[in-house]
Amino acid sequence: MAEKDTSEFLLYFKKNKKRLDKMDTIVHELHNRFSSEIDCLQCANCCRSLGPAIYDKDIDRMAKALRMKPSDVVANYLKIDEDGDYVFQSMPCPFLMPDNYCSIYEARPKACREYPHTDRKKFSQIYKLTVRNTQTCPIAYEVLKELVKN
(Lines give C-alpha, C1' and ligand atoms only; values in the text may rest on other atoms or scores of the structure.)
Protein backbone atom coordinates (compact mmCIF):
# COMPACT_ATOMS: atom_id res chain seq x y z
CA MET A 1 0.00 0.00 0.00
CA ALA A 2 2.81 2.40 0.87
CA GLU A 3 4.42 2.00 -2.52
CA LYS A 4 1.10 2.76 -4.23
CA ASP A 5 0.59 5.89 -2.08
CA THR A 6 4.12 7.32 -2.37
CA SER A 7 3.28 9.69 -5.22
CA GLU A 8 0.23 10.96 -3.32
CA PHE A 9 2.38 11.59 -0.21
CA LEU A 10 5.01 13.46 -2.23
CA LEU A 11 2.42 15.56 -4.05
CA TYR A 12 0.90 16.52 -0.69
CA PHE A 13 4.31 17.69 0.48
CA LYS A 14 4.87 19.74 -2.66
CA LYS A 15 1.49 21.47 -2.28
CA ASN A 16 1.56 21.91 1.51
CA LYS A 17 5.20 22.48 2.52
CA LYS A 18 4.48 25.89 4.11
CA ARG A 19 1.44 24.52 5.99
CA LEU A 20 3.45 21.52 7.18
CA ASP A 21 5.90 23.84 8.92
CA LYS A 22 3.07 24.70 11.32
CA MET A 23 1.53 21.24 11.67
CA ASP A 24 3.78 19.59 14.27
CA THR A 25 0.94 19.43 16.81
CA ILE A 26 -1.36 17.63 14.37
CA VAL A 27 1.36 15.22 13.28
CA HIS A 28 2.28 14.48 16.91
CA GLU A 29 -1.38 13.75 17.72
CA LEU A 30 -1.49 11.34 14.79
CA HIS A 31 1.78 9.77 15.96
CA ASN A 32 0.36 9.25 19.45
CA ARG A 33 -2.89 7.83 18.09
CA PHE A 34 -1.30 5.31 15.74
CA SER A 35 1.51 4.41 18.15
CA SER A 36 -1.12 3.38 20.67
CA GLU A 37 -3.12 1.43 18.06
CA ILE A 38 -0.26 -0.40 16.35
CA ASP A 39 1.83 -2.93 18.27
CA CYS A 40 5.44 -2.71 17.12
CA LEU A 41 6.06 -6.20 18.51
CA GLN A 42 3.69 -7.62 15.90
CA CYS A 43 5.79 -6.07 13.14
CA ALA A 44 9.47 -5.36 13.88
CA ASN A 45 10.05 -4.54 10.20
CA CYS A 46 12.45 -1.79 11.22
CA CYS A 47 14.57 -4.25 13.19
CA ARG A 48 14.58 -6.70 10.30
CA SER A 49 15.44 -4.33 7.49
CA LEU A 50 16.75 -0.91 8.53
CA GLY A 51 20.34 -0.44 9.60
CA PRO A 52 20.42 2.57 11.92
CA ALA A 53 23.46 4.80 12.20
CA ILE A 54 25.15 4.00 15.50
CA TYR A 55 27.18 6.64 17.30
CA ASP A 56 29.82 6.54 20.03
CA LYS A 57 27.27 7.20 22.79
CA ASP A 58 25.18 4.32 21.46
CA ILE A 59 28.22 2.03 21.45
CA ASP A 60 29.07 2.98 25.03
CA ARG A 61 25.49 2.36 26.19
CA MET A 62 25.31 -0.96 24.34
CA ALA A 63 28.70 -2.04 25.72
CA LYS A 64 27.59 -1.36 29.27
CA ALA A 65 24.37 -3.35 28.79
CA LEU A 66 26.25 -6.22 27.18
CA ARG A 67 29.07 -6.05 29.73
CA MET A 68 31.61 -5.72 26.96
CA LYS A 69 34.27 -3.25 26.01
CA PRO A 70 33.11 -0.71 23.40
CA SER A 71 35.83 -2.01 21.06
CA ASP A 72 34.37 -5.52 21.37
CA VAL A 73 30.88 -4.24 20.50
CA VAL A 74 32.36 -2.68 17.38
CA ALA A 75 34.32 -5.80 16.47
CA ASN A 76 31.44 -8.22 17.10
CA TYR A 77 28.40 -6.33 15.83
CA LEU A 78 29.29 -3.27 13.75
CA LYS A 79 30.83 -2.20 10.46
CA ILE A 80 31.38 1.16 8.80
CA ASP A 81 29.02 1.88 5.90
CA GLU A 82 29.55 3.91 2.72
CA ASP A 83 28.69 7.14 4.60
CA GLY A 84 31.35 6.47 7.23
CA ASP A 85 28.77 5.61 9.93
CA TYR A 86 28.74 2.56 12.16
CA VAL A 87 25.88 0.20 11.33
CA PHE A 88 25.12 -3.40 12.22
CA GLN A 89 27.22 -5.95 10.32
CA SER A 90 24.08 -7.69 9.13
CA MET A 91 20.34 -7.49 9.31
CA PRO A 92 18.07 -8.36 10.97
CA CYS A 93 19.41 -6.60 14.02
CA PRO A 94 21.56 -8.98 16.04
CA PHE A 95 19.60 -8.03 19.16
CA LEU A 96 16.16 -8.85 17.73
CA MET A 97 14.80 -11.90 19.51
CA PRO A 98 12.34 -14.43 17.98
CA ASP A 99 9.42 -12.82 19.83
CA ASN A 100 10.33 -9.42 18.28
CA TYR A 101 11.60 -8.03 21.57
CA CYS A 102 14.97 -6.29 21.68
CA SER A 103 17.50 -7.93 23.98
CA ILE A 104 19.12 -4.52 24.66
CA TYR A 105 15.93 -2.44 24.57
CA GLU A 106 16.94 -0.02 27.34
CA ALA A 107 20.35 0.45 25.71
CA ARG A 108 19.25 0.47 22.06
CA PRO A 109 20.72 3.06 19.68
CA LYS A 110 19.25 6.55 19.52
CA ALA A 111 17.99 6.00 15.97
CA CYS A 112 15.99 3.00 17.20
CA ARG A 113 14.60 4.97 20.14
CA GLU A 114 13.35 7.74 17.86
CA TYR A 115 12.00 5.64 14.98
CA PRO A 116 9.73 6.30 13.06
CA HIS A 117 10.46 9.97 13.87
CA THR A 118 6.85 11.07 13.41
CA ASP A 119 6.87 12.78 16.80
CA ARG A 120 9.84 14.96 15.94
CA LYS A 121 9.80 18.76 16.03
CA LYS A 122 9.92 20.41 12.62
CA PHE A 123 8.35 17.34 11.03
CA SER A 124 8.33 19.04 7.63
CA GLN A 125 12.14 18.70 7.56
CA ILE A 126 11.91 14.92 7.67
CA TYR A 127 8.71 14.50 5.66
CA LYS A 128 10.48 12.82 2.71
CA LEU A 129 12.26 10.45 5.10
CA THR A 130 8.85 9.59 6.54
CA VAL A 131 7.58 8.83 3.03
CA ARG A 132 10.45 6.32 2.72
CA ASN A 133 9.66 4.96 6.19
CA THR A 134 6.08 4.18 5.12
CA GLN A 135 7.60 1.26 3.19
CA THR A 136 8.72 -0.25 6.50
CA CYS A 137 6.59 1.15 9.31
CA PRO A 138 2.80 0.93 9.63
CA ILE A 139 2.82 3.89 12.05
CA ALA A 140 4.57 6.15 9.53
CA TYR A 141 2.18 4.95 6.82
CA GLU A 142 -0.95 5.61 8.87
CA VAL A 143 0.29 9.05 10.01
CA LEU A 144 0.85 10.17 6.42
CA LYS A 145 -2.34 8.54 5.13
CA GLU A 146 -4.40 10.40 7.74
CA LEU A 147 -2.50 13.64 7.23
CA VAL A 148 -3.08 13.57 3.47
CA LYS A 149 -6.73 12.61 3.93
CA ASN A 150 -7.44 15.66 6.08
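The exercises below, each with a worked solution, concern a predicted model.

**Exercise 1. Salt bridges around helix 1**

Determine which residues are linked with Asp 5 in a network of salt bridges, and describe the setting of each pair.

Step 1. Asp 5 forms a salt bridge with Lys 4, and the closest N and O atoms of this pair are 3.5 Å apart, which falls within the 4 Å cut-off. The two partners sit in contrasting surroundings, since Asp 5 is buried at a relative accessible area of 3%, whereas Lys 4 is exposed at 65%.

Step 2. Lys 145 forms a salt bridge with Glu 8, with 3.6 Å between the closest N and O atoms. Because Lys 145 belongs to helix 8 (residues 138–149) and Glu 8 to helix 1 (residues 2–20), this pair ties together parts that are 137 residues apart in sequence. Lys 145 is partly exposed, with a relative accessibility of 29%, and Glu 8 is likewise partly exposed, at 35%.

Step 3. The network of salt bridges therefore links Lys 4, Asp 5, Glu 8 and Lys 145, while the count of salt bridges comes to eight.

**Exercise 2. A salt bridge inside helix 6**

Explain how the positions of Glu 114 and Lys 110 in helix 6 relate to the helical turn.

Step 1. The side chains of Glu 114 and Lys 110 meet in a salt bridge, at 3.7 Å from N to O.

Step 2. Both residues lie in helix 6 (residues 110–114), and because they are four residues apart there, about one helical turn separates them. An α-helix has 3.6 residues a turn, so residues three or four places apart point the same way.

Step 3. As for accessibility, Glu 114 is partly exposed at 33%, and Lys 110 is partly exposed at 47%.

**Exercise 3. The course of helix 1**

Compare the end-to-end distance of helix 1 with that of a straight helix, and locate its kink.

Step 1. Helix 1 has 19 residues, and at 1.5 Å a residue a straight helix would reach 27 Å; the end C-alpha atoms of helix 1 are only 20 Å apart.

Step 2. Helix 1 has a kink of about 55°, and this kink is centred on Lys 14.

Step 3. The buried residues of helix 1 are Ala 2, Asp 5, Phe 9, Tyr 12, Phe 13, Asn 16 and Leu 20, and what covers them includes helix 2 (24–37), helix 7 (127–133) and helix 8.

**Exercise 4. Cysteines without disulfides**

Establish how many disulfides a search of the whole structure finds, and examine Cys 43 and Cys 47.

Step 1. The search of the whole structure finds zero disulfides.

Step 2. For Cys 43, which is in no disulfide, the nearest cysteine sulfur is that of Cys 137, at 6.5 Å; a disulfide would need the sulfur atoms within 2.5 Å. Cys 43 is buried, with a relative accessible area of 18%.

Step 3. Cys 47 is also in no disulfide, its nearest cysteine sulfur being that of Cys 46, 4.0 Å away, and Cys 47 is partly exposed at 25%.

**Exercise 5. Backbone geometry in the loops**

Identify where the cis peptide bond to Pro 116 lies, and describe phi of His 117.

Step 1. Tyr 115 and Pro 116 are joined by a cis peptide bond, with omega about 10°, and Pro 116 lies in the loop between helix 6 and helix 7.

Step 2. His 117 is found in the loop between helix 6 and helix 7; its phi is near 70°, a positive value in a residue other than glycine, and His 117 is buried at 11% relative accessibility.

Key. Residues numbered from 1 in each chain as written. Predicted model: local features only at pLDDT ≥ 70, side-chain atom pairs only at ≥ 80, totals over all residues. Heavy atoms only, no water. Buried < 20%, exposed > 50% of the residue type's maximum accessible area, 1.4 Å probe, protein only. Helix = DSSP H or I, 4+ residues; strand = E, 2+ residues; numbered from the N terminus. Expected span 1.5 Å × (residues − 1). Bend = angle between axes of the 7 residues up to and from the residue. Contact = heavy atoms within 4.5 Å.
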